[in-house]
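Visitor: Could you take me through one part of this protein up close? I'd love to hear about the place where the ligand sits, and then what lies beyond that place.

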Amino acid sequence: MSIDTATITAQTLDRDELVQERRLVTEIPGPVSQELMTRKLAAVSSAVGTTMPVFAARAGGGVVVDVDGNSLIDLGSGIAVTGVGNSAPRVVAAVQQQVADFTHTCFMVTPYDSYVAVAEALNRLTPGDHDKRSALFNSGAEAVENAVKIARSYTKKQAVVAFDHAYHGRTNLTMALTAKSMPYKSGFGPFASEIYRAPMSYPFRDGLTGPEAAKRAISLIEKQIGADNLAAIIIEPIQGEGGFVVPAEGFLPALVEWASANGVVFIADEVQTGFARTGDMFASDHEGIVPDLVVTAKGIAGGLPLSAVTGRAEIMDAPHAGGLGGTYGGNPLACVAALAAIETYEEDGLVDRARGIGEKLVSRFREAAASDARIGDVRGRGAMIAVEFVDPETNEPDATLTGRVAKAAHAEGVIVLTCGTYGNIIRFLPPLTIPDALLDEGIDVVLQALAAS
Ligand SMILES: *Cc1c(COP(=O)(O)O)cnc(C)c1O
(Lines give C-alpha, C1' and ligand atoms only; values in the text may rest on other atoms or scores of the structure.)
Protein backbone atom coordinates (compact mmCIF):
# COMPACT_ATOMS: atom_id res chain seq x y z
CA MET A 1 0.00 0.00 0.00
CA SER A 2 1.29 3.47 -0.69
CA ILE A 3 0.18 6.62 1.05
CA ASP A 4 0.36 9.70 -1.09
CA THR A 5 2.94 12.23 0.02
CA ALA A 6 0.53 15.16 -0.14
CA THR A 7 -1.53 13.54 2.64
CA ILE A 8 1.58 13.07 4.73
CA THR A 9 2.67 16.67 4.27
CA ALA A 10 -0.79 18.03 5.05
CA GLN A 11 -0.87 15.93 8.17
CA THR A 12 2.55 17.00 9.42
CA LEU A 13 1.79 20.66 8.79
CA ASP A 14 -1.36 20.39 10.87
CA ARG A 15 0.62 20.55 14.09
CA ASP A 16 3.89 22.19 15.07
CA GLU A 17 6.92 20.04 14.45
CA LEU A 18 8.23 18.60 17.67
CA VAL A 19 11.50 20.34 18.41
CA GLN A 20 14.24 17.71 18.62
CA GLU A 21 15.91 18.77 21.83
CA ARG A 22 16.36 17.84 25.47
CA ARG A 23 14.68 20.58 27.45
CA LEU A 24 13.92 20.51 31.16
CA VAL A 25 11.53 23.19 32.37
CA THR A 26 10.64 21.58 35.72
CA GLU A 27 12.16 18.96 37.97
CA ILE A 28 11.54 15.39 36.84
CA PRO A 29 8.75 14.57 37.57
CA GLY A 30 7.08 17.97 37.23
CA PRO A 31 3.98 19.04 39.15
CA VAL A 32 1.43 17.87 36.55
CA SER A 33 3.06 14.44 36.34
CA GLN A 34 3.09 14.24 40.13
CA GLU A 35 -0.61 15.00 40.26
CA LEU A 36 -1.32 12.33 37.63
CA MET A 37 0.83 9.86 39.53
CA THR A 38 -1.34 10.39 42.60
CA ARG A 39 -4.40 9.58 40.50
CA LYS A 40 -2.63 6.57 38.98
CA LEU A 41 -1.85 5.17 42.40
CA ALA A 42 -5.48 5.54 43.44
CA ALA A 43 -6.95 4.09 40.23
CA VAL A 44 -4.49 1.64 38.64
CA SER A 45 -3.35 -1.67 40.07
CA SER A 46 -0.05 -1.15 41.85
CA ALA A 47 1.22 -4.28 40.08
CA VAL A 48 1.45 -2.24 36.85
CA GLY A 49 4.73 -0.37 37.32
CA THR A 50 6.34 2.50 35.42
CA THR A 51 10.00 3.07 34.57
CA MET A 52 9.74 6.84 34.90
CA PRO A 53 7.15 8.82 36.86
CA VAL A 54 6.44 11.22 33.98
CA PHE A 55 3.28 11.23 31.88
CA ALA A 56 3.58 11.61 28.13
CA ALA A 57 1.83 14.30 26.10
CA ARG A 58 3.44 14.00 22.65
CA ALA A 59 6.31 12.12 21.07
CA GLY A 60 8.14 11.89 17.78
CA GLY A 61 11.58 11.68 16.17
CA GLY A 62 13.81 11.10 19.19
CA VAL A 63 11.85 12.85 21.95
CA VAL A 64 8.97 12.33 24.36
CA VAL A 65 7.39 15.56 25.64
CA ASP A 66 5.74 15.23 29.04
CA VAL A 67 2.66 16.94 30.47
CA ASP A 68 4.85 19.56 32.16
CA GLY A 69 6.51 20.55 28.88
CA ASN A 70 9.80 18.73 29.49
CA SER A 71 11.29 17.28 26.33
CA LEU A 72 13.05 13.98 27.06
CA ILE A 73 15.49 12.09 24.86
CA ASP A 74 13.94 8.73 24.03
CA LEU A 75 16.45 5.86 24.13
CA GLY A 76 13.79 3.19 24.71
CA SER A 77 11.13 3.48 21.95
CA GLY A 78 8.46 2.29 24.38
CA ILE A 79 10.41 -0.99 24.60
CA ALA A 80 11.52 -1.35 20.97
CA VAL A 81 8.12 -0.52 19.52
CA THR A 82 8.41 2.85 17.79
CA GLY A 83 11.29 1.98 15.47
CA VAL A 84 9.78 4.23 12.80
CA GLY A 85 9.38 6.98 15.40
CA ASN A 86 6.31 7.96 17.35
CA SER A 87 3.34 9.10 15.27
CA ALA A 88 5.37 8.46 12.12
CA PRO A 89 3.75 10.46 9.29
CA ARG A 90 2.84 7.47 7.08
CA VAL A 91 1.38 5.63 10.08
CA VAL A 92 -0.70 8.61 11.15
CA ALA A 93 -2.08 9.17 7.65
CA ALA A 94 -2.96 5.50 7.17
CA VAL A 95 -4.67 5.16 10.55
CA GLN A 96 -6.62 8.41 10.14
CA GLN A 97 -7.99 7.22 6.82
CA GLN A 98 -8.80 3.74 8.14
CA VAL A 99 -10.49 4.93 11.33
CA ALA A 100 -12.91 6.93 9.21
CA ASP A 101 -13.60 3.98 6.87
CA PHE A 102 -14.22 1.18 9.39
CA THR A 103 -12.69 0.28 12.73
CA HIS A 104 -13.51 -3.42 13.01
CA THR A 105 -15.40 -6.19 11.30
CA CYS A 106 -13.41 -9.15 12.69
CA PHE A 107 -11.25 -10.79 10.04
CA MET A 108 -12.95 -14.11 10.83
CA VAL A 109 -16.39 -12.62 9.99
CA THR A 110 -15.88 -10.34 6.97
CA PRO A 111 -12.21 -10.09 6.01
CA TYR A 112 -10.42 -7.02 4.60
CA ASP A 113 -7.43 -6.58 2.33
CA SER A 114 -4.99 -4.88 4.72
CA TYR A 115 -4.70 -8.10 6.78
CA VAL A 116 -3.83 -10.04 3.63
CA ALA A 117 -1.33 -7.35 2.61
CA VAL A 118 0.40 -7.54 6.01
CA ALA A 119 0.65 -11.32 5.66
CA GLU A 120 2.12 -10.89 2.16
CA ALA A 121 4.65 -8.36 3.45
CA LEU A 122 5.71 -10.62 6.33
CA ASN A 123 6.00 -13.63 4.02
CA ARG A 124 8.25 -11.56 1.75
CA LEU A 125 10.41 -9.98 4.48
CA THR A 126 11.07 -12.85 6.89
CA PRO A 127 14.12 -15.07 6.28
CA GLY A 128 13.98 -17.74 3.53
CA ASP A 129 12.23 -17.77 0.17
CA HIS A 130 10.16 -20.92 0.73
CA ASP A 131 6.35 -20.89 0.58
CA LYS A 132 5.05 -19.10 3.70
CA ARG A 133 1.84 -18.20 5.48
CA SER A 134 1.12 -15.76 8.31
CA ALA A 135 -1.51 -15.31 11.00
CA LEU A 136 -2.04 -12.07 12.94
CA PHE A 137 -2.66 -11.53 16.65
CA ASN A 138 -2.59 -8.68 19.18
CA SER A 139 0.45 -9.04 21.42
CA GLY A 140 3.83 -10.70 21.41
CA ALA A 141 2.75 -13.20 24.05
CA GLU A 142 -0.37 -14.15 22.11
CA ALA A 143 1.69 -14.77 18.98
CA VAL A 144 4.21 -16.88 20.91
CA GLU A 145 1.33 -18.98 22.30
CA ASN A 146 0.03 -19.49 18.78
CA ALA A 147 3.45 -20.44 17.43
CA VAL A 148 3.60 -23.19 20.06
CA LYS A 149 0.05 -24.34 19.21
CA ILE A 150 0.99 -24.51 15.52
CA ALA A 151 4.23 -26.41 16.18
CA ARG A 152 2.42 -28.95 18.39
CA SER A 153 -0.32 -29.41 15.85
CA TYR A 154 2.19 -29.94 13.02
CA THR A 155 4.57 -32.30 14.84
CA LYS A 156 1.92 -34.07 16.98
CA LYS A 157 4.47 -33.74 19.80
CA GLN A 158 4.23 -31.68 22.98
CA ALA A 159 7.51 -30.69 24.58
CA VAL A 160 8.94 -27.21 24.02
CA VAL A 161 12.47 -26.05 24.83
CA ALA A 162 13.20 -22.47 25.87
CA PHE A 163 16.50 -21.05 27.09
CA ASP A 164 18.10 -19.57 30.19
CA HIS A 165 17.41 -15.80 30.39
CA ALA A 166 14.53 -16.15 27.91
CA TYR A 167 11.61 -13.75 27.88
CA HIS A 168 8.52 -14.67 25.87
CA GLY A 169 5.69 -12.87 27.69
CA ARG A 170 3.37 -12.85 30.67
CA THR A 171 0.44 -15.12 29.75
CA ASN A 172 0.33 -18.60 31.30
CA LEU A 173 2.15 -20.50 28.56
CA THR A 174 4.62 -17.67 27.96
CA MET A 175 5.32 -17.31 31.71
CA ALA A 176 6.33 -20.95 31.60
CA LEU A 177 8.68 -20.15 28.70
CA THR A 178 10.09 -17.04 30.40
CA ALA A 179 13.08 -17.74 32.64
CA LYS A 180 13.05 -15.02 35.27
CA SER A 181 10.89 -15.49 38.36
CA MET A 182 10.73 -11.93 39.72
CA PRO A 183 8.81 -10.03 38.58
CA TYR A 184 7.33 -12.13 35.77
CA LYS A 185 6.34 -15.45 37.37
CA SER A 186 6.65 -15.33 41.12
CA GLY A 187 3.35 -16.32 42.74
CA PHE A 188 1.52 -16.75 39.43
CA GLY A 189 1.81 -20.54 38.97
CA PRO A 190 1.01 -23.29 38.29
CA PHE A 191 2.57 -22.94 34.87
CA ALA A 192 1.94 -24.81 31.62
CA SER A 193 3.54 -28.24 31.47
CA GLU A 194 5.95 -29.78 28.97
CA ILE A 195 8.25 -26.76 28.94
CA TYR A 196 11.98 -27.44 29.37
CA ARG A 197 14.94 -25.10 29.71
CA ALA A 198 18.30 -25.40 27.99
CA PRO A 199 21.50 -23.41 28.58
CA MET A 200 21.91 -20.31 26.41
CA SER A 201 25.13 -19.21 24.75
CA TYR A 202 26.28 -16.20 26.80
CA PRO A 203 29.85 -15.54 25.65
CA PHE A 204 30.61 -12.87 28.28
CA ARG A 205 29.75 -15.27 31.10
CA ASP A 206 30.35 -18.81 29.77
CA GLY A 207 33.37 -18.27 27.51
CA LEU A 208 32.14 -20.99 25.12
CA THR A 209 32.22 -20.80 21.33
CA GLY A 210 28.90 -21.06 19.51
CA PRO A 211 29.39 -24.71 18.50
CA GLU A 212 30.47 -25.65 22.06
CA ALA A 213 27.43 -23.94 23.58
CA ALA A 214 25.15 -25.61 20.99
CA LYS A 215 26.63 -29.01 21.81
CA ARG A 216 25.95 -28.41 25.51
CA ALA A 217 22.32 -27.43 24.81
CA ILE A 218 21.67 -30.24 22.33
CA SER A 219 23.14 -32.84 24.66
CA LEU A 220 20.80 -31.72 27.44
CA ILE A 221 17.83 -31.77 25.06
CA GLU A 222 18.64 -35.28 23.82
CA LYS A 223 19.25 -36.69 27.29
CA GLN A 224 16.47 -35.00 29.26
CA ILE A 225 13.66 -34.70 26.68
CA GLY A 226 14.40 -36.59 23.47
CA ALA A 227 13.70 -35.36 19.97
CA ASP A 228 10.79 -37.82 19.71
CA ASN A 229 8.90 -35.80 22.29
CA LEU A 230 10.00 -32.34 21.24
CA ALA A 231 7.65 -30.15 19.19
CA ALA A 232 9.68 -26.96 19.15
CA ILE A 233 12.70 -25.00 20.21
CA ILE A 234 11.91 -21.33 20.81
CA ILE A 235 14.68 -18.75 21.08
CA GLU A 236 15.25 -15.01 20.79
CA PRO A 237 18.13 -14.58 18.28
CA ILE A 238 19.33 -11.78 20.57
CA GLN A 239 17.68 -11.98 23.97
CA GLY A 240 15.70 -8.93 25.04
CA GLU A 241 14.60 -8.67 28.67
CA GLY A 242 17.18 -11.32 29.62
CA GLY A 243 20.02 -8.87 28.97
CA PHE A 244 20.60 -8.43 25.23
CA VAL A 245 22.56 -11.66 25.29
CA VAL A 246 24.04 -12.21 21.83
CA PRO A 247 24.81 -15.89 21.33
CA ALA A 248 28.29 -16.73 20.03
CA GLU A 249 28.49 -17.13 16.24
CA GLY A 250 27.54 -20.63 15.20
CA PHE A 251 25.18 -21.31 18.11
CA LEU A 252 21.95 -20.52 16.27
CA PRO A 253 22.92 -22.26 12.99
CA ALA A 254 23.82 -25.44 14.92
CA LEU A 255 20.45 -25.44 16.71
CA VAL A 256 18.57 -24.85 13.43
CA GLU A 257 20.44 -27.71 11.81
CA TRP A 258 19.75 -30.07 14.71
CA ALA A 259 16.05 -29.10 14.81
CA SER A 260 15.63 -29.68 11.11
CA ALA A 261 17.38 -33.05 11.24
CA ASN A 262 15.18 -34.15 14.16
CA GLY A 263 11.69 -33.07 13.13
CA VAL A 264 11.63 -30.21 15.64
CA VAL A 265 10.10 -26.83 14.71
CA PHE A 266 12.58 -23.97 15.19
CA ILE A 267 10.76 -20.84 16.36
CA ALA A 268 12.61 -17.50 16.33
CA ASP A 269 11.00 -15.06 18.75
CA GLU A 270 11.85 -11.82 16.93
CA VAL A 271 9.35 -9.76 18.91
CA GLN A 272 12.08 -7.41 20.16
CA THR A 273 14.73 -7.90 17.46
CA GLY A 274 12.49 -7.63 14.39
CA PHE A 275 12.02 -4.84 11.85
CA ALA A 276 15.42 -3.24 11.27
CA ARG A 277 16.19 -3.00 15.00
CA THR A 278 19.42 -5.02 14.87
CA GLY A 279 20.72 -3.60 11.60
CA ASP A 280 19.09 -6.37 9.59
CA MET A 281 15.38 -6.60 8.85
CA PHE A 282 15.40 -9.58 11.25
CA ALA A 283 18.16 -10.69 13.64
CA SER A 284 18.01 -14.17 12.07
CA ASP A 285 19.39 -12.65 8.86
CA HIS A 286 22.74 -11.92 10.51
CA GLU A 287 23.93 -15.53 10.40
CA GLY A 288 21.58 -16.44 7.56
CA ILE A 289 19.48 -18.82 9.63
CA VAL A 290 16.02 -19.70 8.31
CA PRO A 291 13.63 -20.37 11.20
CA ASP A 292 10.56 -22.56 10.56
CA LEU A 293 8.39 -19.99 12.35
CA VAL A 294 9.13 -16.33 13.10
CA VAL A 295 7.18 -14.46 15.78
CA THR A 296 6.93 -10.67 15.40
CA ALA A 297 5.25 -7.85 17.31
CA LYS A 298 6.73 -4.72 18.94
CA GLY A 299 8.25 -2.85 15.96
CA ILE A 300 5.67 -4.09 13.47
CA ALA A 301 3.08 -1.30 13.42
CA GLY A 302 4.57 1.96 14.70
CA GLY A 303 2.93 1.59 18.11
CA LEU A 304 -0.41 0.00 17.28
CA PRO A 305 -0.95 -3.40 18.87
CA LEU A 306 -0.26 -6.14 16.35
CA SER A 307 1.69 -9.38 16.27
CA ALA A 308 2.21 -12.24 13.87
CA VAL A 309 3.42 -15.76 13.32
CA THR A 310 4.98 -16.32 9.91
CA GLY A 311 6.43 -19.57 8.65
CA ARG A 312 6.57 -22.58 6.41
CA ALA A 313 3.21 -23.05 4.67
CA GLU A 314 2.93 -26.73 5.62
CA ILE A 315 3.50 -25.94 9.31
CA MET A 316 1.23 -22.87 9.38
CA ASP A 317 -1.54 -24.83 7.62
CA ALA A 318 -1.34 -27.82 10.02
CA PRO A 319 -3.98 -26.74 12.58
CA HIS A 320 -7.63 -27.47 11.66
CA ALA A 321 -9.77 -24.69 10.13
CA GLY A 322 -10.99 -22.36 12.87
CA GLY A 323 -8.16 -23.45 15.17
CA LEU A 324 -6.42 -20.06 15.06
CA GLY A 325 -7.81 -16.58 15.37
CA GLY A 326 -9.31 -14.15 17.86
CA THR A 327 -11.77 -11.24 17.90
CA TYR A 328 -9.24 -8.47 17.38
CA GLY A 329 -6.31 -10.29 15.77
CA GLY A 330 -5.17 -8.25 12.77
CA ASN A 331 -7.41 -5.29 13.60
CA PRO A 332 -7.72 -3.01 10.52
CA LEU A 333 -6.19 0.04 12.23
CA ALA A 334 -3.18 -2.04 13.28
CA CYS A 335 -2.89 -3.58 9.81
CA VAL A 336 -2.78 -0.29 7.88
CA ALA A 337 -0.34 1.01 10.50
CA ALA A 338 1.87 -2.04 9.89
CA LEU A 339 1.82 -1.49 6.13
CA ALA A 340 2.80 2.15 6.66
CA ALA A 341 5.52 1.21 9.16
CA ILE A 342 6.95 -1.46 6.86
CA GLU A 343 6.99 1.02 3.97
CA THR A 344 8.84 3.45 6.26
CA TYR A 345 11.47 0.87 7.29
CA GLU A 346 12.09 0.02 3.65
CA GLU A 347 11.79 3.42 1.96
CA ASP A 348 13.63 5.45 4.60
CA GLY A 349 16.65 3.14 4.84
CA LEU A 350 16.08 2.35 8.51
CA VAL A 351 18.06 -0.92 8.41
CA ASP A 352 21.17 1.11 7.57
CA ARG A 353 20.21 3.75 10.08
CA ALA A 354 20.05 1.10 12.82
CA ARG A 355 23.61 0.06 11.93
CA GLY A 356 24.80 3.65 12.19
CA ILE A 357 23.15 4.06 15.58
CA GLY A 358 24.80 0.83 16.76
CA GLU A 359 28.25 1.95 15.63
CA LYS A 360 27.94 5.16 17.59
CA LEU A 361 26.62 3.49 20.76
CA VAL A 362 29.23 0.74 20.69
CA SER A 363 32.19 2.99 19.96
CA ARG A 364 31.27 5.52 22.65
CA PHE A 365 30.66 2.92 25.37
CA ARG A 366 33.73 0.81 24.43
CA GLU A 367 35.78 3.98 24.68
CA ALA A 368 34.30 4.62 28.14
CA ALA A 369 34.91 0.99 29.14
CA ALA A 370 38.64 1.43 28.44
CA SER A 371 38.87 3.75 31.46
CA ASP A 372 36.01 2.43 33.61
CA ALA A 373 36.26 -1.26 34.57
CA ARG A 374 32.70 -1.21 35.91
CA ILE A 375 31.58 -1.53 32.28
CA GLY A 376 32.06 -5.28 31.90
CA ASP A 377 30.64 -5.70 28.43
CA VAL A 378 29.21 -3.64 25.57
CA ARG A 379 27.28 -5.80 23.14
CA GLY A 380 24.37 -6.04 20.76
CA ARG A 381 23.77 -5.18 17.14
CA GLY A 382 22.33 -2.16 15.42
CA ALA A 383 20.04 -0.05 17.57
CA MET A 384 19.85 -2.80 20.22
CA ILE A 385 22.89 -2.26 22.41
CA ALA A 386 23.50 -3.21 26.02
CA VAL A 387 26.04 -2.10 28.58
CA GLU A 388 26.59 -4.67 31.35
CA PHE A 389 27.78 -3.27 34.69
CA VAL A 390 29.91 -5.41 36.97
CA ASP A 391 32.04 -5.30 40.08
CA PRO A 392 35.52 -4.85 38.52
CA GLU A 393 37.13 -7.14 41.11
CA THR A 394 34.83 -10.15 40.76
CA ASN A 395 32.95 -9.57 37.47
CA GLU A 396 29.75 -10.09 39.52
CA PRO A 397 26.68 -8.23 38.21
CA ASP A 398 26.21 -4.79 39.79
CA ALA A 399 22.48 -4.07 39.79
CA THR A 400 22.79 -1.27 42.33
CA LEU A 401 25.13 0.76 40.15
CA THR A 402 22.92 0.08 37.13
CA GLY A 403 19.86 1.39 38.98
CA ARG A 404 21.73 4.51 40.10
CA VAL A 405 22.92 5.31 36.57
CA ALA A 406 19.46 4.82 35.07
CA LYS A 407 17.84 6.96 37.76
CA ALA A 408 20.37 9.76 37.30
CA ALA A 409 19.84 9.70 33.53
CA HIS A 410 16.06 9.88 34.04
CA ALA A 411 16.45 12.92 36.30
CA GLU A 412 18.42 14.61 33.50
CA GLY A 413 15.72 13.94 30.94
CA VAL A 414 16.92 10.78 29.20
CA ILE A 415 14.66 7.74 28.96
CA VAL A 416 16.78 4.61 29.38
CA LEU A 417 15.67 1.09 30.28
CA THR A 418 17.42 -1.56 32.32
CA CYS A 419 17.17 -5.31 31.81
CA GLY A 420 18.94 -8.60 32.46
CA THR A 421 18.43 -11.62 34.65
CA TYR A 422 20.68 -9.91 37.20
CA GLY A 423 19.25 -6.41 36.59
CA ASN A 424 22.71 -5.07 35.75
CA ILE A 425 22.23 -3.96 32.18
CA ILE A 426 21.26 -0.66 30.60
CA ARG A 427 19.80 -1.27 27.18
CA PHE A 428 19.59 1.20 24.36
CA LEU A 429 16.68 0.94 21.93
CA PRO A 430 16.37 4.41 20.39
CA PRO A 431 13.81 5.14 17.70
CA LEU A 432 15.57 4.79 14.35
CA THR A 433 14.42 8.35 13.60
CA ILE A 434 16.50 9.89 16.41
CA PRO A 435 18.80 12.67 15.16
CA ASP A 436 22.53 12.04 15.72
CA ALA A 437 22.93 15.10 17.94
CA LEU A 438 20.27 13.85 20.35
CA LEU A 439 21.73 10.36 20.42
CA ASP A 440 25.13 11.83 21.29
CA GLU A 441 23.63 14.02 23.97
CA GLY A 442 21.74 11.06 25.46
CA ILE A 443 24.99 9.07 25.60
CA ASP A 444 26.77 12.05 27.21
CA VAL A 445 24.11 12.19 29.93
CA VAL A 446 24.39 8.45 30.65
CA LEU A 447 28.20 8.63 30.80
CA GLN A 448 28.03 11.65 33.14
CA ALA A 449 25.56 9.74 35.31
CA LEU A 450 28.00 6.82 35.42
CA ALA A 451 30.93 9.05 36.28
CA ALA A 452 28.94 10.53 39.17
CA SER A 453 27.66 7.16 40.47
C1 LIG B 1 8.06 -8.12 24.66
C2 LIG B 1 8.35 -9.49 24.23
C3 LIG B 1 7.36 -10.50 24.21
C4 LIG B 1 5.95 -10.26 24.69
O5 LIG B 1 5.31 -9.29 23.92
P6 LIG B 1 3.99 -8.59 24.50
O7 LIG B 1 3.49 -7.79 23.34
O8 LIG B 1 4.43 -7.75 25.66
O9 LIG B 1 3.08 -9.68 24.91
C10 LIG B 1 7.71 -11.75 23.74
N11 LIG B 1 8.96 -12.01 23.33
C12 LIG B 1 9.93 -11.08 23.35
C13 LIG B 1 11.30 -11.43 22.85
C14 LIG B 1 9.67 -9.79 23.81
O15 LIG B 1 10.64 -8.87 23.84
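Guide: Here is a walk through the ligand site, followed by the two sheets. Keep in mind that this is a predicted model, where local features need pLDDT of at least 70 and side-chain atom pairs count only at pLDDT 80 or more, while totals for chains, interfaces and linings use all residues. Residues are numbered from 1 along each chain as its sequence is written, and side-chain values use heavy atoms, with hydrogens and water left out.

Let's start with the ligand's neighbours, meaning residues with a heavy atom within 4 Å of it. They are Ser139, Gly140, Ala141, Tyr167, His168, Gly169, Glu236, Asp269, Val271, Gln272 and Lys298. This shell splits into three nonpolar, five polar and three charged residues. In that count, Ala, Val, Leu, Ile, Met, Phe, Trp, Tyr, Cys and Pro are nonpolar, Asp, Glu, Lys and Arg are charged, and the others, Gly among them, are polar.

Now for some distances to oxygen atoms of the ligand. An N or O atom in the side chain of Lys298 is 2.6 Å from one, and a backbone N or O atom of Gly140 lies 2.7 Å from one. For Gln272, a side-chain N or O atom is 2.8 Å from a ligand oxygen. The protein covers 82% of the 380 Å² of accessible area that the ligand has on its own (Shrake-Rupley method, 1.4 Å probe).

Next, the sheets. Strands are DSSP runs of E with at least two residues, helices are runs of H or I with at least four, and both are numbered from the N terminus. Two strands pair if DSSP finds at least two bridges between them.

One open sheet has seven strands in the order 4-10-9-8-7-5-6, with mixed pairing. Strand 4 (132-137) and strand 6 (195-198) are its edges, each pairing on one side only. Inside it, strand 8 (residues 265-269) and strand 9 (residues 293-296) pair in the parallel sense over three bridges. Ala268 has Val294 in strand 9 as its bridge partner.

The other open sheet has four strands, ordered 1-2-3-13, again with mixed pairing. Strand 1 (56-60) and strand 13 (414-415) each have a single partner strand, so one side of each is left without a neighbour in the sheet. Here strand 2 (residues 63-66) and strand 3 (residues 71-74) pair in the antiparallel sense over three bridges, and Val65 stands opposite Ser71 in strand 3.

How values were computed
Polar contact = N/O pair within 3.5 Å; in protein donor to acceptor, adjacent residues only side chain to side chain.
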